[in-house]
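Let's take a walk through this structure together, starting where the chains meet and then looking inside one of them.

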2 protein chains.
Amino acid sequence: MVDPLERSFSETDEEIMRGTYRALREHGYADLTIEQIADEYGKSTAAIHYHYDTKDDLLAAFLDYVIDQFVSTIHEVETTDPAERLDLLLDKLLVDPEDHQDFLIALLEMRSQAPYKEAFGERFRQNDEYVRYLLETVIDHGAKKGVFADVDSEHVARAIMTIVDGARTRAVIHDETEALATARRAVEEYVDAVLFE
Amino acid sequence: MVDPLERSFSETDEEIMRGTYRALREHGYADLTIEQIADEYGKSTAAIHYHYDTKDDLLAAFLDYVIDQFVSTIHEVETTDPAERLDLLLDKLLVDPEDHQDFLIALLEMRSQAPYKEAFGERFRQNDEYVRYLLETVIDHGAKKGVFADVDSEHVARAIMTIVDGARTRAVIHDETEALATARRAVEEYVDAVLFE
């Protein structure tokens, strides 16, 4: 698996990505235009097309950018104590994203288009695989140290991501803060039950 | 709360709804046209417009229809034994929907448009409220009979629906059968932990 951090974005790319982020939050994905992204970027559509042929190319690169940002915040979790590390990872997944409902909306729109746009599906799967890898690793490490029960870590990681994806989806239809808080509490109950049985 | 079964669909409505279902599975939501629905229905677009002014009106009615269908299958769960009833409800939510990935895709597309189309959001929320009500009722009943622990049934119902929505979302990006099976196993582990502590 390629470490997402091996990619690098130039300063121009970064600026285009930040413009794309603002445009997605403002307008959503379905009707988003390069013009709207250019407005947020503060330059012409030609300046964007110089770097990206199509809107979908730009948005696929944007998903790479989002994954990189997420991976950077994950790297802030520096503790190696298994229980503490798992707890902080779950916070990164379910607590820190609060107050970005408009972004969660745009991401769910892109996710729902993944079956039609392979470049999107590939990136969502890559990110999911990476996070599950981190979860499995900390669970296996904890089991080895005798802190956690000896569980099917692949299943537990998938179960945790099911709760995380449920929260992200419910945040779009229901009250976002409540959806994330419910999921954080549920994942705690779940993890306590299976890892500290 | 209005019991969804109080609504009724005429035979013509039913036929249009079945055509809509086939068209959604075939073409997805984003680019769906009334022409495609008319093709599946086997009549003219005028015949559809006679009943529904716009595509969104038709799709809002379609969501009502889907909710009614779902409620009908829920009514098949006739046992009143709390543990058995909860188990069968979870099967209805996570086992029976298998092999309908193309429909789950269309539903996720509509769900992602809920923030822009209040008629969609309202129906997704109504269905969610109804299912949570069923779950809360069986959990409270079990607690009263001393079969389940005395828990915060509203939270547990929300947690269960977070897992269900996570499975529905993951089915679109990942392997559907695996996503639903993981969620069924996770919800069992969760329910066992909180209700039989």
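How many salt bridges does the rule find across the interface of chain A and chain B? There are 8, a salt bridge being a side-chain nitrogen of Lys or Arg within 4 Å of a carboxyl oxygen of Asp or Glu. Take A:D165 and B:R170, which form a salt bridge with their closest N and O atoms 2.7 Å apart.

Before going on, know that this is a predicted model, where local features need pLDDT of at least 70, side-chain atom pairs count only at pLDDT 80 or more, and totals for chains, interfaces and linings use all residues. Residues are numbered from 1 along each chain as its sequence is written, chains are lettered from A in the order in which they are written, and side-chain values use heavy atoms, with hydrogens and water left out.

Back to the interface. Here 42 residues of chain A are in contact with 42 residues of chain B (contact means heavy atoms within 4.5 Å). About 3400 Å² is buried between the two chains, with carbon and sulfur atoms giving 63%; buried area is the accessible area (1.4 Å probe) that two parts lose on being put together, summed over both. A:T162, A:R170 and A:I173 supply 20% of what chain A buries against chain B, more than any other three residues.

Now, how do the two chains relate? Turn chain A by 180°, with 0.0 Å of shift along the axis, and it superposes on chain B with an RMSD of 0.0 Å (a least-squares fit on the C-alpha atoms of residues with pLDDT of at least 70 in both copies). That is the relation of a two-fold axis. In chain A, the C-alpha nearest the axis belongs to A:G166, 1.7 Å from it. The same surface serves both copies, as 100% of the contact residues of chain A recur in chain B.

Let's look inside chain A next. It is divided into domain 1 (1-76) and domain 2 (80-197), with bounds from an automatic or database domain assignment. Their C-alpha centres lie 24 Å apart. Even so, 24 residues of domain 1 of chain A are in contact with 24 residues of domain 2 of chain A, and about 2200 Å² is buried between these domains, 69% of it from carbon and sulfur atoms.

Salt bridges turn up here too: the count between the two domains of chain A is 4. You can also find A:D102 and A:R25, whose side chains meet in a salt bridge (2.9 Å, N to O).
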